[in-house]
There are 2 protein chains.
Amino acid sequence: MQRVGVARSTLYQQVASELRRAIYSGELRPGDPLPTEADLMRKSNVSRNTVRLALGELVNEGLISRTPRRGSVVRERRPLLLYPQKELEPQPEGGRQEAFARAVAEVGRKPSQDIEVAIVEPPEDIATRLALPDGELAVVRRRLRYVDDQPFNTNDSYFPLSLVQNSEIARPADITRGANRVLEELGHPQVRMVDDISARMPTSEEVSRLKLEPGTPVVVHVRVGYDPEDMPVRVAVSVLPADKHLIRYELERH
Amino acid sequence: MQRVGVARSTLYQQVASELRRAIYSGELRPGDPLPTEADLMRKSNVSRNTVRLALGELVNEGLISRTPRRGSVVRERRPLLLYPQKELEPQPEGGRQEAFARAVAEVGRKPSQDIEVAIVEPPEDIATRLALPDGELAVVRRRLRYVDDQPFNTNDSYFPLSLVQNSEIARPADITRGANRVLEELGHPQVRMVDDISARMPTSEEVSRLKLEPGTPVVVHVRVGYDPEDMPVRVAVSVLPADKHLIRYELERH
């Protein structure tokens, strides 16, 4: 058996976290050199190995680049790091915020979104994933998300109409506590999720909607959420421009 | 807390499994129609909903396409479905086989690979992920993998030389029981793995090595394996042509 790891805040993660804040706050700007390993060892009172693990985190996140014997610099391009497993974690009451908005806000950037709600006969693959009988309708909540006012990605979430028609999910407004919480209140918490990840070239509509550079592929992340009866209650399709996103899963053996 | 789900073999999964075998065995060929829902209900003695969930599985895997009121057909293109979580599951003694070869063999296709082993000063991002001090060397096992004799993907696994220099990992031959088992025997089992997933356009070398069609992006899957002391002991970089692979994670809340 395995269990999904909740990140442990070890020493090196604390050091990484301080540097990350310095980068996102603008204290360290693109092109700036980072403090040397020796400086970081002194300042945080940690070993060289801890400093290296911390810098490794930031390299992995695409925030800095390292050159042997020449130190580290802040990179120009900063992909947003997504942790799809976080959606399954219990959320603090009151402090609940939609996962994407939280991820963006946590790194000091400004999230926003356009939302559009429609009742549709869903595309065939969505109908199949939702196990909808022929002709049954779905509610789709289509979101175009922005970071610092730049179009960033899209997320379309489909729900069986029969399940959500009398709820906020079918109404064209933001749901502050999240659609997942509404599903819970309707008696259909998502207790299992299956994520399919693939990539392709964008459609021309995606190129213009997401203002993509030529030659930029998109990662397509499709999540199906199942309730305790193993009924699919939500299909979320995210289209993530590949130059701006990094997806991370953390797995632990127990 | 969450736990990684081991797929439950429910009724619909059994029905899906029978159809999958028929497709991969060639009993059902690309373009062939599948039996109707009514036929499948009778044959397997299951409900319409179960049949729909089973067909949904095959749609999700890219094996069939469904058209409302016109039934299902076997698709031309069949992406290989990868379950990165399986590498963390306990392996049957003796029956151990490298994860990719197992996934390919399970669907009735023929896996093979070219392997090349070298001792190198690893690229900066790999050195950083392995927390290697400047100038320290790594063993890299570079594999080009084939399915049915067609180049399919590449997998380069890096290990700190100091850790593996006296083991089979440093020798240029196949390791039937897998390099992960050798790491275990060396006292460094991987108990935690962090997967980073991104996509990009291929390099020209990748285009020719993997015989890519124009305009095919690649998914890059980077896995770092940590031992119980949280020391990184392996970095595996897989380059997966996007038209031939689908990556699936299954998550459960407990």
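## Salt bridges in a predicted model

In this predicted model, Glu185(A) and Arg177(A) form a salt bridge, their closest N and O atoms lying 2.7 Å apart.

**Exercise 1.** Classify Glu185(A) and Arg177(A): buried, partly exposed or exposed?

*Solution.*
- Step 1. Partly exposed runs between the limits of 20% and 50% relative accessible area.
- Step 2. Glu185(A) has 48%, so this residue is partly exposed.
- Step 3. Arg177(A) has 27%, so this residue is partly exposed as well.

**Exercise 2.** Take the salt bridge of Arg248(A) with Asp196(B). Locate both residues and classify their exposure.

*Solution.*
- Step 1. The closest N and O atoms of Arg248(A) and Asp196(B) are 2.6 Å apart.
- Step 2. Arg248(A) sits in strand β11 (residues 245-253) of chain A, and Asp196(B) in strand β8 (residues 192-200) of chain B, so the pair joins two chains.
- Step 3. Buried means under 20%. Arg248(A) has 2%, so it is buried.
- Step 4. Asp196(B) has 3%, so it is buried too.

**Exercise 3.** Check the pair Glu184(B) and Arg181(B) against the salt-bridge cut-off, then place the pair in the fold.

*Solution.*
- Step 1. The cut-off is within 4 Å.
- Step 2. The closest N and O atoms of Glu184(B) and Arg181(B) are 3.7 Å apart, and the pair forms a salt bridge.
- Step 3. Both residues lie in helix α7 (residues 179-185) of chain B, three residues apart, about one turn of the helix.
- Step 4. Glu184(B) is partly exposed at 31%. Arg181(B), at 15%, counts as buried.

**Exercise 4.** How many salt bridges are there over all chains? Which residues are linked in a network with Glu37(A)?

*Solution.*
- Step 1. The count over all chains is 34 salt bridges.
- Step 2. Salt bridges link Glu37(A) in a network with Arg48(A), Arg52(A) and Arg66(A).

Methods:
Residues numbered from 1 in each chain as written. Chains lettered and ligands numbered in written order. Predicted model: local features only at pLDDT ≥ 70, side-chain atom pairs only at ≥ 80, totals over all residues. Heavy atoms only, no water. Salt bridge = Lys/Arg side-chain N within 4 Å of Asp/Glu carboxyl O. Buried < 20%, exposed > 50% of the residue type's maximum accessible area, 1.4 Å probe, protein only. Helix = DSSP H or I, 4+ residues; strand = E, 2+ residues; numbered from the N terminus.
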